[in-house]
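Reader: I would like a close look at one part of this model, followed outward into its surroundings. Please keep to what the coordinates support.

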Amino acid sequence: MGFYTNDPVADAEAYSAYQERQLLKLPVCRKCKERIQDDTCFKIDGEAYHDGCARKLFEVWTEDLMD
């Protein structure tokens, strides 16, 4: 990735810029609008959700669905 030169300040800035570009590639949670940085997420009807957000929106007790 080429972050190692004789200028540690420039290296740190280049690495920081690289990390920011990578962060902007991550999906945005439909509920909280934050970037999803976890290894997995939920994709429901084409929209991405954090685990916690998906659980808050969609998780129900199975017993509650029984007749």
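Author: The model is predicted, and a suitable place to begin is the polar contact of 3.1 Å between the side chains of lysine 25 and glutamine 22. Lysine 25 sits in the loop between H1 and strand S1 (42–44). With a relative accessibility of 62%, lysine 25 counts as exposed.

The helix before that loop, H1, covers residues 8–24 and has 17 residues. From its first C-alpha to its last, H1 reaches 24 Å, close to the 24 Å expected at 1.5 Å a residue. The N-terminal end of H1 is capped by aspartate 7, which has a side-chain oxygen 3.2 Å from the backbone nitrogen of valine 9.

From lysine 25 the path can be taken across to helix H2. Aspartate 51 is 26 residues from lysine 25 along the chain, and their C-alpha atoms are separated by 19 Å. Aspartate 51 does form a salt bridge with arginine 55, where the closest N and O atoms are 3.2 Å apart. Both of these residues belong to helix H2 and are four residues apart, about one turn of the helix. Arginine 55 has a further salt bridge, with glutamate 59, and here the closest N and O atoms are 3.0 Å apart. Through shared partners, the salt bridges join Asp51, Arg55 and Glu59 into one network. The structure holds two salt bridges. Side chains of opposite charge can pair when their charged atoms come close.

How accessible are the members of this network? Aspartate 51 is partly exposed at 32% relative accessibility, and arginine 55 is also partly exposed, with a relative accessible area of 40%. Glutamate 59 counts as exposed, at 52%.

Just before H2 comes histidine 50, in the loop between strand S2 (47–49) and helix H2 (51–58). Histidine 50 is buried, with a relative accessible area of 15%, because the limit for that class is under 20%. Leaving out residues up to four places away in sequence, histidine 50 touches Cys29, Cys32, Glu34, Arg35, Ile36, Asp38 and Phe42.

One of those contacts, Cys29, leads into the largest nonpolar core. This core has six residues: Cys29, Ile36, Ala48, Tyr49, Cys53 and Ala54. S2 and H2 each supply at least two residues of the core. In soluble globular proteins, nonpolar side chains tend to be buried together. Cysteine 29 has a relative accessible area of 0% and is buried. With residues up to four places away in sequence again left out, the contacts of cysteine 29 are Glu34, Ile36, Ala48, Tyr49, His50 and Cys53.

Cysteine 29 and cysteine 53 also raise the matter of disulfides. The closest cysteine sulfur to that of cysteine 29 is in cysteine 53, at 3.7 Å, so the pair is too far apart for a bond; the cut-off is 2.5 Å. For cysteine 41, the closest cysteine sulfur is in cysteine 29, at 8.5 Å, which is likewise too far for a bond. Cysteine 41 is partly exposed, with a relative accessible area of 37%. The structure holds zero disulfides.

Notes:
Residues are numbered from 1 along each chain as its sequence is written. This is a predicted model: local features need pLDDT of at least 70, side-chain atom pairs count only at pLDDT 80 or more; totals for chains, interfaces and linings use all residues. Side-chain values use heavy atoms; hydrogens and water are left out. Buried means under 20% relative accessible area, exposed over 50%, partly exposed in between (1.4 Å probe, protein chains only). Contact means heavy atoms within 4.5 Å. A salt bridge is a side-chain nitrogen of Lys or Arg within 4 Å of a carboxyl oxygen of Asp or Glu. A nonpolar core is a set of buried Ala, Val, Leu, Ile, Met, Phe, Trp, Tyr and Cys residues joined through side-chain atoms within 4.5 Å. The expected span of a helix is 1.5 Å times one less than its number of residues. A polar contact is a pair of N or O atoms within 3.5 Å; within protein, one must be able to donate a hydrogen and the other to accept it, and residues adjacent in sequence count only if both atoms are side-chain atoms.
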